[in-house]
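Colleague: I have this model open on my screen and would like a close look at one part of it. Could you walk me through a single helix, its end and its partners?

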Amino acid sequence: MATTVSRPVMDARVAKAAHAPVDYVWAAARISIGWVFLWAFLDKTFGWGLATPAGRAWIEGGSPTTGFLKGTGENALGGFFLGLAGLAWVDWLFMAGLLGIGLALVLGIGTRIAAVAGTLMLALMWAAELPLANNPFMDEHIIYAIVLIGLALTGAGGTLGLGNLPVVRRNNWLK
């Protein structure tokens, strides 16, 4: 004789609203890394004195890429990166990347695009520092890139972010 098992039917809207504790961990990671990118943009733009002195701010005519890239001259790929230091298009691309990645991650919209762009930016910064001073290959740039990939794969923009907005759900490229 066949046995029938009754299972409660859950409304799909309720299922999407419920978040597991791990979702909040991914959301916290998303917002935190987003703030790292966003703060770098703000400090380099306005020279708030933590990493960028006021006189070297982008709005004062300073180059946001020169300091980092000038220090790569002795590294394995230093010749390539040294040639990019201070070029206007490199400064604009770098700053647009910091702002876009930072806002996307903090807001939870476009996390997939931010993860790809952020991973590329971090990989370039990692390559500029080769050989690494403290480890044969692993540093914080690689760790951040791995977390960015995890954020994209888990759809972390939907928890504590705007990733559940109808316009985002309808357009995969905004997820």
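Modeller: Happy to! Let's begin at a small landmark: glycine 155, just after helix 7, has a positive phi of about 65°. Keep in mind that this is a predicted model.

Now step back into helix 7 itself. Its 15 residues should span 21 Å at 1.5 Å a residue, and the end C-alpha atoms are indeed 21 Å apart, so the two figures agree. Which of its residues are buried? They are His141, Ala145, Leu148, Gly150, Leu151 and Ala152. These buried residues pack against three elements, namely helix 2, helix 5 and helix 6. Let's take two of those partners in turn.

Helix 6 is a good one to start with. The axes of helix 6 and helix 7 lie 9 Å apart, at an angle of about 165°. That angle makes the pair roughly antiparallel, because anything over 145 degrees is counted that way. The crossing of helix 6 and helix 7 is left-handed. On the helix 6 side, the contact is made by Thr111, Arg112, Ala115, Gly118, Thr119, Leu122, Met125 and Trp126. Helix 7 answers with His141, Ile142, Tyr144, Ala145, Leu148, Ile149 and Ala152. Sorted by class, the residues of this contact come to ten nonpolar, four polar and one charged.

If you'd like one residue to click on here, try alanine 115, which lies in helix 6. With a relative accessibility of 5%, alanine 115 counts as buried, since the cut-off is under 20%. Setting aside residues up to four places away in sequence, alanine 115 touches Leu148 and Ala152. Both Leu148 and Ala152 are among the buried residues of helix 7.

It helps to see helix 6 as a whole, too. Helix 6 covers residues 111-128, 18 residues in all, and reaches 25 Å from its first C-alpha to its last, close to the 26 Å expected. Its buried residues are Thr111, Ala114, Ala115, Gly118, Met121, Leu122, Ala127 and Ala128. Besides helix 7 (140-154), they pack against helix 2 (21-46), helix 3 (66-70), helix 4 (78-84) and helix 5 (88-107).

Now for helix 2, our other partner. The axes of helix 2 and helix 7 come within 10 Å and cross at roughly 130°. Helix 2 and helix 7 are therefore oblique to each other, and their crossing is left-handed. In helix 2, the residues involved are Trp26, Ala29, Arg30, Ile33, Val36 and Phe37, and they meet Tyr144, Val147, Leu148, Gly150, Leu151 and Thr154 in helix 7. By class, this contact has nine nonpolar, two polar and one charged residues.

Notice the names that come up twice: Tyr144 and Leu148 of helix 7 take part in the contact with helix 2, and Tyr144 and Leu148 also appear in the contact with helix 6.

One last stop, following the chain on from helix 2: tryptophan 58 sits in the loop between helix 2 and helix 3. Its relative accessible area is 21%, so tryptophan 58 is partly exposed. Leaving aside neighbours within four places in sequence, tryptophan 58 is in contact with Phe41, Lys44, Thr45, Pro64, Asp91, Trp92 and Met95. Tryptophan 58 and leucine 42 are 16 residues apart in sequence, while their C-alpha atoms are 9.6 Å apart in space.

Notes:
Residues are numbered from 1 along each chain as its sequence is written. This is a predicted model: local features need pLDDT of at least 70, side-chain atom pairs count only at pLDDT 80 or more; totals for chains, interfaces and linings use all residues. Side-chain values use heavy atoms; hydrogens and water are left out. Helices (H or I, at least four residues) and strands (E, at least two) are DSSP runs, numbered from the N terminus. The expected span of a helix is 1.5 Å times one less than its number of residues. Buried means under 20% relative accessible area, exposed over 50%, partly exposed in between (1.4 Å probe, protein chains only). Contact means heavy atoms within 4.5 Å. Axes are lines fitted to C-alpha atoms, for helices over the stretch in contact, and angles run from 0 to 180 degrees between N-to-C directions. Angles under 35 degrees count as roughly parallel, over 145 as roughly antiparallel, 65 to 115 as roughly perpendicular and the rest as oblique. A crossing is left-handed if the near helix is turned anticlockwise from the far one by less than a right angle, and right-handed if clockwise. Ala, Val, Leu, Ile, Met, Phe, Trp, Tyr, Cys and Pro count as nonpolar, Asp, Glu, Lys and Arg as charged, and the others, Gly among them, as polar.
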